[in-house]
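The following exercises are to be worked with the sequence and the coordinates at hand. Each task is followed by a solution that goes step by step.

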Amino acid sequence: MARLLKKGLLVLALFAVVWLAVIIWWQESRTLPTGVDIGLYLFALPLALLGALWLGARIVRAARAPKPQPVASAPAAEAAPAARAELRVVAFAARAGAGPDAASIAEALIEQRRPELDPGLKTLQGFPVFAARVPQLDDVELYAAARERGAPADALATAGLRATALLVDVATTLTDQAHRRVTELDVPARDEDWPLLRFDLLLPATWSQPARERARAEVLAAAGVWPDSRVSVTEHIAHDVMATETLLRELASLPVDTKAAPTWRIVLAGDGYIDQDQVAQWDADATLLTHANPHGRVPGEAAAGLLLNLVDTQAGVADAGPTASNAAATAPSFTSTDLRVALSPMIQRQKPADARGALPEPALAELARDLLQRAAVAPDTVVHVVSDADHRGSRPLEALGVTSQLFEHLDASKDCHAVGVACGHTGVAASLLTLAIAGEACMQAEHPVLTLTLQDPALRCASLVYRPAAGTTA
């Protein structure tokens, strides 16, 4: 209503200015206007100016709109093999503004909580903005701790400090999970008896190199319960929101090396936008959620991770003889609590989701249906659809469309959840955050959960989190 009133007042103001200018011109030039003059100058001219303003506004919005990802990724997606790409997940962990762990975030989604106004973040006009801030983090304490540890000035941006703290929490949680599994029966006597622990750390390309190096060092320090010689961190620079999805598919396609040393693998991603400078930049670029821009972003922050088993250790024992049998004593143990994540190929929308008039496209529902068939999961056993969507554009409608087409037994208002609505914009962390929440929902309900990746304007993919039937093997 307020938006309609604002536009109406703008139209009236334009007509008033044109009429006043024309009448003054007629009086000064002593012109006696005819009926044609009145129609031309008092009606046609203001309407023409309105049309020019409308066209100019459309051109400006089109120039500012997010561009779709380069089509260079499309050939790889089209060439993706039809064979099932799957990961075996031992544990999930997540932390975001909606909750300190995956279970709390899942509960927030079910209760349809929304980010609140953040008094610490302001628009350029000085108004508070909606933000999904993790309340337990203190910016002053994080800054002081980083300075005390010798962090360079380029690594002290508020958003990076907060996201790194969240990454450390998630890394510690997953390392403890791995440690518990390894030491269930006995603690390995020597360092070389411990399995390898490898971190794959995804960080935004927009972070400075010192900030990424500090995050890497902090994650490495979080694995303090593990022997230093058996831990490594591989940094992956994420240039777009699909970087996590690409990495997971690469890991799923790795050939099984039955002679490889027992290895735990933790995939981590963190990102954050709880920073006044970032909010000011978004506001200037008209990408921030405000009363005048209802389709803008809500600043958020999150970190999430998966603890993976990528090597079938039993096969290694069978094929490699006594040496592998000795190594198996400290190999990861996997139980019926472990979940599987089946990954779909990536597809590309015909029309970017941020384009005006964009609508859900049937290809996404077909992609999800094919994923269910290849994983041998009946659609009526799926209990939730979780996407990384937020309130912007066609994204929420895409998830609702898939739910209504494939899962008639689900209530779209209760069983279809958009992580971005509760957690705000979490950038690089969005995909892993969605998977962690889906994993938690799958464990609680003991039924499969479908996830949809919708943040990118053009690229789409899906994942299915489920527990394999007894007796099945990966």
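**Exercise 1.** Which side chain does the side chain of H384 join in a polar contact, and at what distance? Then describe the surroundings of H384, stating whether H384 is buried or exposed.

*Solution.* The model is a predicted one, and the values below are computed from it. Begin with the pair itself: the side chains of H384 and H417 are joined by a polar contact of 3.4 Å. Next, place H384 in the fold, where it belongs to strand β10, which spans residues 384–387. The relative accessibility of H384 is 16%, and because buried means under 20%, H384 counts as buried. Finally, list the contacts of H384 once neighbours within four places in sequence are set aside: they are L410, D415, H417, A441, P448, V449 and L450.

**Exercise 2.** Determine how helix α8 and helix α16 cross, and which residues meet there.

*Solution.* Take the axes of α8 (residues 243–252) and α16 (residues 430–445), which come within 7 Å and cross at roughly 65°. From α8, the residues T244, E245 and L248 meet S431, L432 and L435 of α16. Sorted by class, this contact comprises three nonpolar, two polar and one charged residues.

**Exercise 3.** Summarise the protein as a whole, from its secondary structure to its accessible surface.

*Solution.* Start from the secondary structure, which comprises 16 helices and 13 strands. Of the 474 residues in the protein, 47% are buried. Turn then to contacts between residues at least 6 apart in sequence, of which 79% join residues at least 24 apart. Lastly, the accessible surface comes to about 23000 Å², with 59% of it belonging to carbon and sulfur atoms.

Methods. Residues are numbered from 1 along each chain as its sequence is written. This is a predicted model: local features need pLDDT of at least 70, side-chain atom pairs count only at pLDDT 80 or more; totals for chains, interfaces and linings use all residues. Side-chain values use heavy atoms; hydrogens and water are left out. Helices (H or I, at least four residues) and strands (E, at least two) are DSSP runs, numbered from the N terminus. Buried means under 20% relative accessible area, exposed over 50%, partly exposed in between (1.4 Å probe, protein chains only). A polar contact is a pair of N or O atoms within 3.5 Å; within protein, one must be able to donate a hydrogen and the other to accept it, and residues adjacent in sequence count only if both atoms are side-chain atoms. Contact means heavy atoms within 4.5 Å. Axes are lines fitted to C-alpha atoms, for helices over the stretch in contact, and angles run from 0 to 180 degrees between N-to-C directions. Ala, Val, Leu, Ile, Met, Phe, Trp, Tyr, Cys and Pro count as nonpolar, Asp, Glu, Lys and Arg as charged, and the others, Gly among them, as polar. Accessible areas come from the Shrake-Rupley method with a 1.4 Å probe; for residues, only the protein chains shown count as cover.
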